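Biologist: I should like to request a close look at a single part of this structure, explained for a first-year student. Please begin with one helix and what surrounds it, and then connect that helix to the rest of the chain.

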Amino acid sequence: MTKKLHPLKSKAERPLRFTFPFCYEPHPFCVEAAQKVRRYVMSHDELMTDAASGKMFGVLVVEELNNENQRTLGFLAAYSGLLAGRNDWSWFVPSVFDAQQPDGHYKETERHISAMNEIIGTLEAEDPLSIELRERRRQMSEDLQLWLFQQYRMLNAEGQERCLIDIWHDYHSTKVRRKFPFPPGGAGDCCAPKLLQYAYQQGLKPLCMAEFWIGASPKAEVRHDGQFYPACRGKCLPILTWMLKGLEIDENPNQDDSLLFPLNDTLAKLDVIYEDQWLMVINKPSGLLSVPGRESRRSVWSIVRQYYADSDDWALAHRLDMGTSGLLIITKTRDAYVLMQEQFAQRKVKKTYIALLEGTINSKRGTIELPLRADPLDRPRQIVDYENGKHAVTDFEVLSVKDGITRIALYPHTGRTHQLRVHCAHQEGLGVPILGDDLYGKGGGRLYLHAQEITFTHPYTREKMTLHIASDF
């Protein structure tokens, strides 16, 4: 076997099934392999200089059949995209398709497009030649993108092969394909597809896989040195769905949550904290969706419709993340809903959250201002974007620190998606994720975030109301 397969000696038990790449706890095999990758990168100045600015790496632990017909343990390593400007470092698996060859079709066409750009830059926008060249450039770019994705011939565990374009079109609906006819740029160049492709080509048996970050945190995303992360969904979900076909995969850990099951299963009633003829305020448990997702899963709204009122007059005045517990307002009339929405829009509703952070921070109190927007390539993950993000502000106050875990109060001024989770985890925020956060932290168990107190004006009585429910952690 080539030097791309590296020995791994571990006393840990072999996994029964392959890793579910979008939500997992790294297997001890992968942890050990990741440590070896880090040592290798740190021992090579050119690699470490680039990795220090931030790079995603991955490991795939495999079995190889040796000459004595015995299976030996080893691992493959990969990096996302390029490392120090190259995709051909011999210690790592190669790219699925090498588009970096200077005399290849991709680079040659790129040079033609660049030359065209220089000519267009010298012409007036309304010049007929400029218009003609811009259209030709658009068509050349589109044709080149299509050609490139057709070169990525992805294998799966059953020995089947498909190009990225076919994988993308088969996975997504017609509606999505009309809006996004091509996969995102860089699709196929992430760690997981590269690792699996090489393993299949070499006849290696995949056992488990993990991806981890080395180096500085990026400005937009939540990425911390040494932390393991799930595969991205925007680029890799369609590709890995195809490539993992034929492997026995771990179940999605979130599907094992006792609060997540189909609507036709037995449903529990809600924990009602306050109720009158206009409002109902509940204590939502962690793990329960506010509204149904893509699948018909149990949610606050499904329980309301089944147990309380099968009426369109009822509505959720706001939402809490599935993992967040605490106070949630439900309105019983359309007028009450409109009046509550006005209060939220005018930021007159005040909320206090309690969270446990998986570490300590230097400040006792302060304010975090980080604008947020959705990451279109990895929904529902949010990223920090100072140009296009929505304004988001959170005050915080440290309540206590015990055994390296910080108990903190969070006071959001705005209500952006995942605001508190990103503001805690991002390096320009507190730099420490909320305990149990599977998107921006290490995951495992529940999300330790609780909506403890809410203050608002009753939509009909105009009474100032403050409701409180202590957390169970």
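Modeller: The elements covering the buried residues of helix α8 include β4 (153–155), β5 (161–163), α5 (164–171) and α7 (191–201). Please note that this is a predicted model. Helix α8 itself spans residues 233–243, and 9 of its 11 residues are buried, so the helix is largely enclosed by the rest of the structure. The residues concerned are Gly234, Lys235, Cys236, Leu237, Pro238, Ile239, Leu240, Trp242 and Met243. Here a residue counts as buried if its relative accessible area is under 20%.

The whole chain provides the setting for this helix. There are 11 helices and 19 strands in the chain. Of its 473 residues, 49% count as buried. Among contacts with a separation of 6 or more, 65% are made by residues 24 or more positions apart. Taken along the principal axes, the C-alpha atoms fill a box of roughly 75 × 70 × 50 Å. The accessible surface of the chain is about 23,500 Å², and carbon and sulfur atoms contribute 48% of that area. The chain carries 58 positive and 61 negative charges, and the mean positions of these two groups are 2 Å apart.

Aromatic rings deserve attention next. A pair of aromatic rings is described by the distance of the centres and the angle of the planes. Throughout the structure, 13 aromatic pairs are found. In one of them, the ring centres of Tyr40 and Phe92 are 6.0 Å apart and the planes meet at 75°, so this pair is edge-to-face. Tyr40 belongs to helix α1 (residues 28–42), whereas Phe92 belongs to the loop between β3 (71–79) and α3 (105–121), so the pair ties together parts that are 52 residues apart in sequence. Phe92 has a relative accessibility of 0% and therefore counts as buried.

A second pair joins Tyr448 and Phe473: with centres 5.2 Å apart and planes at 75°, this pair is edge-to-face. Tyr448 is located in the loop between α11 (419–425) and β18 (449–457), and Phe473 in the segment after β19 (464–468), so parts 25 residues apart in sequence are tied together. Tyr448 has a relative accessible area of 24% and is therefore partly exposed. Arg446 lies over the face of Tyr448, 5.5 Å from the ring centre. A comparable arrangement involves Arg86, whose charged end sits over the ring of Trp89 at 3.7 Å from its centre.

Ring pairs also build a cluster, whose members are Tyr40, Phe57, Phe75, Tyr79, Trp91, Phe92, Phe212 and Phe228.

The loop between β3 and α3, which holds Phe92, also contains Ala84. Phi of Ala84 is near 50°, which is a positive value in a residue other than glycine. With a relative accessible area of 23%, Ala84 is partly exposed. Asp403 likewise has a positive phi, near 55°, and is a residue other than glycine. Asp403 is placed in the loop between β16 (393–402) and β17 (405–412). Its relative accessibility is 73%, so Asp403 counts as exposed. A further feature of the backbone is the cis peptide bond between Arg379 and Pro380, with omega at about 10°. Pro380 is in the loop between β14 (372–374) and β15 (382–384).

Two more residues allow sequence and space to be considered together. Thr72 is in strand β3 and, at a relative accessible area of 32%, is partly exposed. Leaving aside residues up to four places away in sequence, Thr72 touches Val62, Glu63, Glu64 and Asn66. Thr72 and Leu82 are 10 residues apart along the chain, and their C-alpha atoms are separated by 30 Å.

Tyr308 is part of helix α9 (residues 300–308), and its relative accessibility of 27% makes it partly exposed. With residues up to four places away in sequence left out, Tyr308 touches Lys269, Leu270, Val272, Met280, Ile303 and Trp314. From Tyr308 to Asp395 there are 87 residues in sequence and 36 Å in space, C-alpha to C-alpha.

To return to the request, helix α8 is largely enclosed by the rest of the structure, because 9 of its 11 residues are buried.

Key:
Residues numbered from 1 in each chain as written. Predicted model: local features only at pLDDT ≥ 70, side-chain atom pairs only at ≥ 80, totals over all residues. Heavy atoms only, no water. Phe/Tyr/Trp six-rings, centres within 6.5 Å; stacked < 30°, edge-to-face > 60°. Helix = DSSP H or I, 4+ residues; strand = E, 2+ residues; numbered from the N terminus. Buried < 20%, exposed > 50% of the residue type's maximum accessible area, 1.4 Å probe, protein only. Lys NZ or Arg CZ within 6 Å of the ring centre and 35° of its normal. Contact = heavy atoms within 4.5 Å. Areas by Shrake-Rupley, 256 points an atom, 1.4 Å probe, with all protein chains shown as cover. Lys, Arg positive; Asp, Glu negative; His and termini not counted. Charge placed at Lys NZ, Arg CZ, Asp CG, Glu CD.
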